[in-house]
Structure formats: C-alpha cells, structure tokens
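Student: I should like to discuss the sheet and the internal spaces of this protein. Please display the sequence and the structure before we begin.

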Amino acid sequence: QDTGGLIPLNDPGARGRLEALLEDLEPDEVQRAALLDALADYRDANDDRRANGAEKDEYLAAGLPPPANRDLRAVPELLRVRGWAEWLAAHPGFRTNDWLSASRQPVFNPNAVPEGLLAGLPGLDEADARRIADARAERPFENAADFEARADVALGVDEDALRFIPNQGALQLRLWTAGTAHAEVLAIELTADGQYGPWQFDSLYHVSRSSQDPVHEAPG
C-alpha cells in the first residue's frame, strides 16, 4: 500500500480529510472536534489546550498517561489519544489500520486510495467511490484534470499535495502467515542513500485479518 493513498495522522493539513471520514460515523460536531483537537494536542510540543482538546492535566485527571507531545510513531498509538479508544470501540466501521498512516508527508495519490476510504473523502459518496475505482482500474489517473474529467468529481485536496505516480519510497506492507488470525503491518521507508540503507522500518504491529479490504486479502 502506497502511504500516499492513506490519511497521514501527523500531517496537520490532513485534518479536513480526517474530519470528513469521521463525519460518516459521528454526526455530533462537538464530538468530532474533541477527537481532532485531542489528536492535535497530543502531537504538539506545548501544553496549551485547544478549545475541545486535552493536555497533561486532562489526561492525569482521567487516570491516563500524559500526551507524548510528538508525532505518532504508529497508527495504534491513536488509542493513547484521549477519547479515541472509546470512540473507536463504539465505531468498528472506522478502519484505522486500512485507512490511516503515521506519515507526516502531505501527499495524496487518488490512484492508491483503498476503495473503502474513497467514500469517506470530502465531497465523495459510495457512488463516486465506485466510479473512481472503476475508472482507475481501466487506466490510472494521470493528473488532476484527468481525474476530474473521468471521475466527474472535484477533489477537496490542495493541488500541491496531489500525486498520481506511485510513491515507492513510503510503503505499508501487510504480511500473512497461513493459518493465523492476524497479519503483521510494516511501515517502511526506502533510504538507499541513508547511513543504514537500503530501508528503515518506521513501525511494526499486528492487526486482525478481518479488518482488511477484500482486495488486500492474501491469495487463495
């Protein structure tokens, strides 16, 4: 999975995409704001609480470890952000491991977005998602103009962040072992010119196989 097709939790500019995704399952605007502000407060380096967020005092009062005040290192760390563990437990349809990454890169590639995520993007619905998936299966989108012409919809994404060529430098790999109920998810960056190349592992964690999109299932 090209991480350019996922929502990067560590990119402040992706807040609009994350909010649109939340909106499908959470109609309460105040609750959505609390989740998003808590995530921003968890990541920033100060103790200034946003209007609907939570900082050290709120975490300690709730009996929780204080916020890390840094970027998330892996998607499952979202469970440590105040309010998210409870919300995710109540909304199993929100597929964190299929739709999110711990990247900070403001890159968005419509050719690489999982179909289940497409319908949750700003301004898109299930019919749009099906049309986009069919169009790119026939021929990958070449640029923004080609996307709007063939998908018949405008993307609510900053044009500077759009990419249409696969990003081979930041990948999320899912590995299965036959007969097991879980898969391993590895976030990998290619670092051919780095001191310890040719790649580095950003994170490694386990997920239930049942959380996957059908197109990501292991071959029979």
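**Sheet, cavity and pocket**

Tutor: In this predicted model, three strands form an open, antiparallel sheet in the order S3-S4-S5.

Student: Which strands of the sheet are the edge strands?

Tutor: An edge strand here pairs on one side only. Two strands meet this description, and their residue ranges are 170–176 and 199–208. The edge strands are therefore S3 and S5, respectively.

Student: By how many degrees are neighbouring strands of this sheet turned against each other on average?

Tutor: The pairing in this sheet is antiparallel, and the angle is taken with direction ignored. On that basis, the average turn between neighbouring strands is 20 degrees.

Student: Over how many bridges do S3 and S4 pair?

Tutor: S4 covers residues 182–190 and pairs with S3 in the antiparallel sense. Among the pairs, Leu 171 stands opposite Ile 188, and Trp 176 has Ala 183 as its bridge partner. The full count of bridges between S3 and S4 is seven.

Student: Which residue in the hairpin of S3 and S4 takes a positive phi?

Tutor: Five residues lie between the two strands of this hairpin. One residue of the hairpin has a phi near 85 degrees, a positive value. That residue is Gly 179.

Student: What is the volume of the largest cavity?

Tutor: The structure holds one cavity of 30 Å³ or more. Its lining comprises Thr 3, Gly 4, Pro 8, Ser 101, Ser 103, Gln 105, Val 107 and Asn 167. The volume of the largest cavity is about 40 Å³.

Student: How many residues in the lining of the largest cavity are polar?

Tutor: Gly counts as polar in this classification, so Gly 4 belongs with the polar part of the lining. The lining has two nonpolar residues and no charged ones. The number of polar residues is six.

Student: Which strand gives the most to the lining of the largest pocket?

Tutor: The largest pocket has a volume of about 380 Å³, and of its 23 lining residues, the closest to the centre are Ala 102, Ser 103, Arg 104, Glu 189 and Asp 202. S3, S4 and S5 each supply at least two residues of the lining. With four residues, the strand that gives the most is S5.

Student: How many charged residues does the lining of the largest pocket have?

Tutor: Asp, Glu, Lys and Arg count as charged, so Arg 104, Glu 189 and Asp 202 fall in this class. The lining also has nine nonpolar and nine polar residues. The number of charged residues is five.

Definitions and conventions:
Residues numbered from 1 in each chain as written. Predicted model: local features only at pLDDT ≥ 70, side-chain atom pairs only at ≥ 80, totals over all residues. Heavy atoms only, no water. Axes fitted to C-alpha atoms, helices over the stretch in contact; angles between N-to-C directions. 1 Å grid on protein atoms, 1.4 Å probe; cavity = no way out; pocket = protein on both sides within 12 Å on 5 of 7 lines; lining within 4 Å. Points joined across faces, edges and corners; volume = space filled by probe spheres on them.
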